[in-house]
Amino acid sequence: MTPLVFIGGEASPAMETAVRAGGGQVTTDPASATAVVWLSKQVDDLRAVLHDDVRWVQLPDAGIERWLDAGLIDTTRTFTSARGCYGRAVAEHALALVLAAARELPRYARMQSWQRPDQAGGSLVAGARVVVVGAGDIGTHLVTLLAALGAHTVAITRSGRPVPGADESLAVDQLRAALPGADHVVVCAPSTPQTRPLLGAAEFAVMKPSAAVVNVSRGELIDTDALVAALRDGVIASACLDVVDPEPLPASSPLWALPNVLITPHVANPAALKHAALCERVRINTMRFAEGTELSGLVELGRGY
């Protein structure tokens, strides 16, 4: 069976090429489609092109909260997300933020004149204890990168399953126990009702004053007010954030003024890299859809991702 794939949300010659490379046929008429590849964040526009003959929908995001909250995802057809597409890119950004925290770059980045301190701070990632919260595609890539630098990695997953390359693997209910020894805590977990928030005042209170927090997954996994208080009061040393709550972060947020905070505006997965990775996912899934084999990135409603 040759899949008839409608590519919606925006035009993409590269995505058309990916569909054809996977053995599919691109259709410009959504009414004739058996599959939909959606490239925008407009939920209602996607809903409008779905009909009974559409058997597979490829979503553009790794996180599916917006689609779940809108009630778009159900069990009448197969939905796949971009989960697993973007791990390497985001993991490299997370590593950059860990290194920035270790070398106190949040403070130096704010300087407007040459002010060399008498005793410059900073630490090595080699030998540091890094707690990686969430060991999906991003987390497992990050564990590998950190191991190459000589860090001691503690991977936190829902079940505590062994994570390849991690020095320790713990279940999420052991997170609080893992925090006191952490030099860096990196949040890579999906956002679900069970994980919001993962880090709040109680978690910050047991961390070392020298510890740093990095978030590259979803802003709501960290209690923003509790984070601001912990950073302001010296409960933890610093935070390097690619995601925040809320987004966009308003100019009035105290996070902007704190000298121990580094913010990158949700750019861990640059658009060009993101689109290329999604095209490859679509190529593979088009081929598998035609063959009747299991697709990559299957949405699991019970888990919320």
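**Entry 1: A18**

I started with A18, which I found in helix 1 (residues 13–21). I am working from a predicted model here, so every value below is computed. Is A18 buried or exposed? It has a relative accessible area of 6%, and since buried means under 20%, A18 counts as buried. I also looked up how A18 sits relative to R218: the two are 200 residues apart in sequence, and their C-alpha atoms are 29 Å apart in space.

**Entry 2: the sheet with strand 1**

Next I turned to the sheets. One of them is an open sheet of 5 strands, with parallel pairing and the order 2-1-3-4-5. Strand 2 (25–27) and strand 5 (78–80) are its edge strands, each pairing on one side only. From one strand to the next, the twist averages 25 degrees.

I then picked out one pair inside this order. Strand 1 (residues 4–8) and strand 3 (residues 35–38) are joined in the parallel sense by 4 bridges. Which residue of strand 3 stands opposite I7? I found V37 there.

**Entry 3: the sheet with strand 7**

Another open sheet has 7 strands, and I read their order as 8-7-6-9-10-11-12, again with parallel pairing. Its edges are strand 8 and strand 12 (261–263), each of which pairs on one side only. The twist in this sheet averages 15 degrees from one strand to the next.

A reminder to myself before going strand by strand: pairing in a sheet runs through backbone hydrogen bonds, and it can be parallel or antiparallel.

**Entry 4: strand 7 and its neighbours**

Why did I call strand 7 (residues 152–157) largely enclosed by the rest of the structure? Because 5 of its 6 residues are buried.

I checked both partners of strand 7. On one side, strand 6 (residues 129–133) runs parallel to strand 7, with 5 bridges between them. V132 has A155 of strand 7 as its bridge partner. On the other side, strand 8 (residues 168–171) pairs with strand 7 over 4 bridges, also in the parallel sense. Here I noted I156 opposite L170 of strand 8.

I also followed the chain between strands 6 and 7. Helix 6 (residues 137–148) belongs with these two strands to a β-α-β unit, and the unit is right-handed.

**Entry 5: strand 9**

From strand 6 I moved across to strand 9. These two strands pair in the parallel sense over 4 bridges, and V131 stands opposite V185 in strand 9. Strand 9 also pairs with strand 10 (residues 212–215), once more in the parallel sense over 4 bridges. In that pair I found H184 opposite A212 of strand 10.

Then I asked which way the side chains go. In a regular strand they alternate between the two faces of the sheet. In strand 9 (residues 184–187), H184 and V186 point one way, while V185 and V187 point the other way. I looked up their burial too, and all of them are buried.

**Entry 6: empty space**

I finished with the voids. Rolling a probe the size of a water molecule over the atoms shows where empty space is left.

How many cavities of 30 Å³ or more does the structure hold? I found 1. The largest cavity has about 60 Å³ of space. Its lining includes N215, G219, I222, T224 and L227, and L241, V243, V244, D245 and L255 are lining residues as well. By class I counted 6 nonpolar, 3 polar and 1 charged residues in this lining.

The second largest pocket came next, with about 280 Å³ of space. It is lined by 15 residues, and those closest to its centre are A101, A102, E104, S210 and A237. Which helices supply at least two residues each to this lining? I noted helix 4 (87–102) and helix 5 (105–109). By class, the lining of this pocket has 6 nonpolar, 6 polar and 3 charged residues.

Key:
Residues numbered from 1 in each chain as written. Predicted model: local features only at pLDDT ≥ 70, side-chain atom pairs only at ≥ 80, totals over all residues. Heavy atoms only, no water. Buried < 20%, exposed > 50% of the residue type's maximum accessible area, 1.4 Å probe, protein only. Pairing = 2+ DSSP bridges. Right-handed = clockwise from strand over helix to strand, strands pointing away. 1 Å grid on protein atoms, 1.4 Å probe; cavity = no way out; pocket = protein on both sides within 12 Å on 5 of 7 lines; lining within 4 Å. Points joined across faces, edges and corners; volume = space filled by probe spheres on them. Nonpolar A, V, L, I, M, F, W, Y, C, P; charged D, E, K, R; others polar. Axes fitted to C-alpha atoms, helices over the stretch in contact; angles between N-to-C directions.
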